[in-house]
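Dear colleague,

I am handing over the structure below, and after it I set out what was found. Please read the notes with the coordinates open beside them.

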Amino acid sequence: MIAHRVQRDLARAISAVENGHTDVRGALAQFAALGHAQRNGARADVIGITGPPGAGKSTLVDRLIEGFRANGETVAVIAVDPSSPFTHGAVLGDRVRMQRHAGDRGVFIRSMASRTAGGGLAPATRDAVRLADAAGFDVVIVETVGVGQVELEIVAVADVIVVVTVPALGDSVQTIKAGLTEIADMFVVNMADRPGANATALDLKHMVREGAREIPVLQTVAQDGTGLPALLDALAAKRGAGDSNAVRAVRFEVVRRARDAAVRAALAALDSDDASAVLDGLRDHTISRNDAVDALLAILGGPAHAH
Ligand SMILES: Nc1nc2c(ncn2[C@@H]2O[C@H](COP(=O)(O)OP(=O)(O)O)[C@@H](O)[C@H]2O)c(=O)[nH]1
Ligand SMILES: [Mg+2]
């Protein structure tokens with residue numbers, strides 16, 4: 001249990017940091033001065049839950065809270081939402097969704113609307129996680145809306161990363177290919193009550209088989225709790241394994257930079273004289289689009305894409 005007083009001061013400390021009234025060090029010092037920093041050394045397990053809007057992340061988090069509480073662990077949730085602080089749309093929704101835990105002193109829930117202009121995780125998110133850790137919570141769950149590259153920043157915050165997707169989100173597996181296998185500790189196909197869940201899970205399993213790490217692919221129905229015991233088991237296994245987030249962050253950074261370099265090389269190749277000749281042929285209708293792509297890839301020296 002986390003005393004009500006600690007919960008209240010934690011909420012205030014997060015607000016102070018979020019509003020820029022103090023930095024995280026100041027907030028932690030204040031926290032300690034209030035006699036709250038019971039934790040020196042022990043660390044919360046930080047679980048990142050990321051995925052597209054509407055995938056069922058908040059519903060899943062609600063179920064996870066239930067699971068951790070049943071295990072006697074205290075849980076803080078930091079839900080980062082890109083919606084405007086002025087509209088409060090989905091933020092309010094999250095609060096309502098997790099409302100049933102409101103009276104539980106082992107649970108702290110905080111929605112943060114703030115994000116940086118670029119769409120990244122606001123620094124305040126990181127600070128909120130540190131503060132929740134200092135407050136003594138056993139588990140901190142960070143829910144972020146992941147679209148494209150944005151979710152990847154969660155690497156800097158979380159020890160274990162769960163990427164949530166849903167069936168029949170046509171290009172979700174494609175999006176995931178752009179480097180998510182480097183950061184995901186597990187994939188969850190939520191809404192497994194909908195058609196296409198098995199196919200999506202199979203797609204993901206094929207994809208993760210190519211990687212070096214073992215990444216479980218699970219299916220859940222967050223609404224009724226189907227698959228939650230397996231998800232909790234998988235999380236327990238990852239938490240116990242002490243997977244190094246530093247290793248993962250470095251791997252991801254290498255992939256990101258290699259991808260950036262490849263993009264730069266492709267753009268440069270497209271500016272070459274050889275490439276201009278191919279593109280002229282495309283304009284003159286003497287070459288098909290597919291043949292133009294193959295020819296340009298050949299100029300780039302990369303593997304030709306077979307269609
Ligand atoms: N059919 C179905 N609906 C779900 C499931 N999980 C969540 N939902 C619903 O999907 C909607 C979006 O859920 P929410 O948790 O807010 O998604 P988030 O935006 O990813 O946090 C809500 O109406 C949920 O009730 C599921 O497993 N199956
Ligand atoms: Mg949500």
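**The sheet**

In this predicted model, an open sheet is built from 7 strands in the order S3-S2-S4-S1-S5-S6-S7, and the pairing is parallel. Strand S3 (107–112) and strand S7 (217–219) are the edge strands, each of them pairing on one side only. From one strand to the next, the twist averages 20°. Helix H7 (residues 197–209) packs on this sheet, where it touches strand S5 (160–165), strand S6 (186–189) and S7, and the direction of H7 makes about 170° with that of S7.

Beginning at one edge, strand S2 (residues 75–80) pairs with S3 in the parallel sense over 6 bridges, and within this pair Val75 stands opposite Val107 in S3. S2 is also joined to S4 by 6 bridges, and these two strands run parallel; here the bridge partner of Val75 in S4 is Val139. Val75 therefore has a partner in each of two strands, if one follows the pairing that DSSP finds between them. S4 pairs in turn with strand S1 (residues 45–51), in the parallel sense and over 7 bridges, with Glu143 in S4 as the bridge partner of Ile49.

**Strand S4 and the core**

Why can strand S4 (residues 139–145) be called largely enclosed by the rest of the structure? The reason is that 7 of its 7 residues are buried, which means that each has 20 or more other C-beta atoms within 10 Å of its own. In a regular strand the side chains alternate between the two faces of the sheet. In S4, Val139, Ile141, Glu143 and Val145 point one way, whereas Val140, Val142 and Thr144 point the other way, and all are buried. Please note that Glu143 is in the first of these two groups, and that Glu143 is also the residue bridged to Ile49.

The largest nonpolar core has 68 residues, and those with the most contacts inside it are Ile78, Leu131, Ala132, Phe137, Val140, Ile141 and Val142. Ala132 may serve as a way into this core, since beyond the residues up to four places away in sequence Ala132 touches Leu10, Ala44, Ala76, Ile78, Phe108, Phe137 and Val140.

For the protein as a whole, there are 11 helices and 7 strands, and buried residues make up 37% of the 307 residues. Of the contacts with a separation of 6 or more, 72% are between residues 24 or more positions apart.

**The ligand**

Which residues come nearest to ligand 1? Of the 15 residues around ligand 1, these are Gly56, Lys57, Ser58, Thr59 and Ala222. By class, the shell comprises 5 nonpolar, 7 polar and 3 charged residues, and the largest share of the shell, 3 residues, comes from helix H3 (residues 57–70).

**Some single residues**

Two residues other than glycine have a positive phi, and in Met191 that angle is near 60°, as is the phi of His285. Met191 lies in the loop between S6 and H7 and is buried, with 25 other C-beta atoms within 10 Å. His285, in the loop between H10 and helix H11 (289–300), counts as exposed because there are 7 C-beta neighbours inside 10 Å.

Gly281 is found in helix H10 (residues 273–283) and counts as partly exposed, with 15 C-beta neighbours inside 10 Å. Leaving aside neighbours within four places in sequence, Gly281 is in contact with Thr286, Ile287 and Ala292; from Gly281 to Ala292 the distance is 8.2 Å, C-alpha to C-alpha, with the two residues 11 apart in sequence.

Thr22 sits in the loop between helix H1 (4–18) and helix H2 (24–33), where Thr22 counts as partly exposed, with 16 C-beta neighbours inside 10 Å. Not counting residues up to four places away in sequence, Thr22 touches Ala16, Val17 and Ala27.

With best regards

Notes:
Residues are numbered from 1 along each chain as its sequence is written. Chains are lettered from A and ligands numbered from 1 in the order in which they are written. This is a predicted model: local features need pLDDT of at least 70, side-chain atom pairs count only at pLDDT 80 or more; totals for chains, interfaces and linings use all residues. A residue is near a molecule or strand if its C-beta atom, placed from the backbone, lies within 6 Å of it. Helices (H or I, at least four residues) and strands (E, at least two) are DSSP runs, numbered from the N terminus. Ala, Val, Leu, Ile, Met, Phe, Trp, Tyr, Cys and Pro count as nonpolar, Asp, Glu, Lys and Arg as charged, and the others, Gly among them, as polar. A residue is buried if 20 or more other C-beta atoms lie within 10 Å of its own, exposed if 12 or fewer, and partly exposed in between; C-beta atoms are placed from the backbone. Two residues are in contact if their C-beta atoms, placed from the backbone, lie within 7 Å. A nonpolar core is a set of buried Ala, Val, Leu, Ile, Met, Phe, Trp, Tyr and Cys residues joined through C-beta atoms within 7 Å. Axes are lines fitted to C-alpha atoms, for helices over the stretch in contact, and angles run from 0 to 180 degrees between N-to-C directions.
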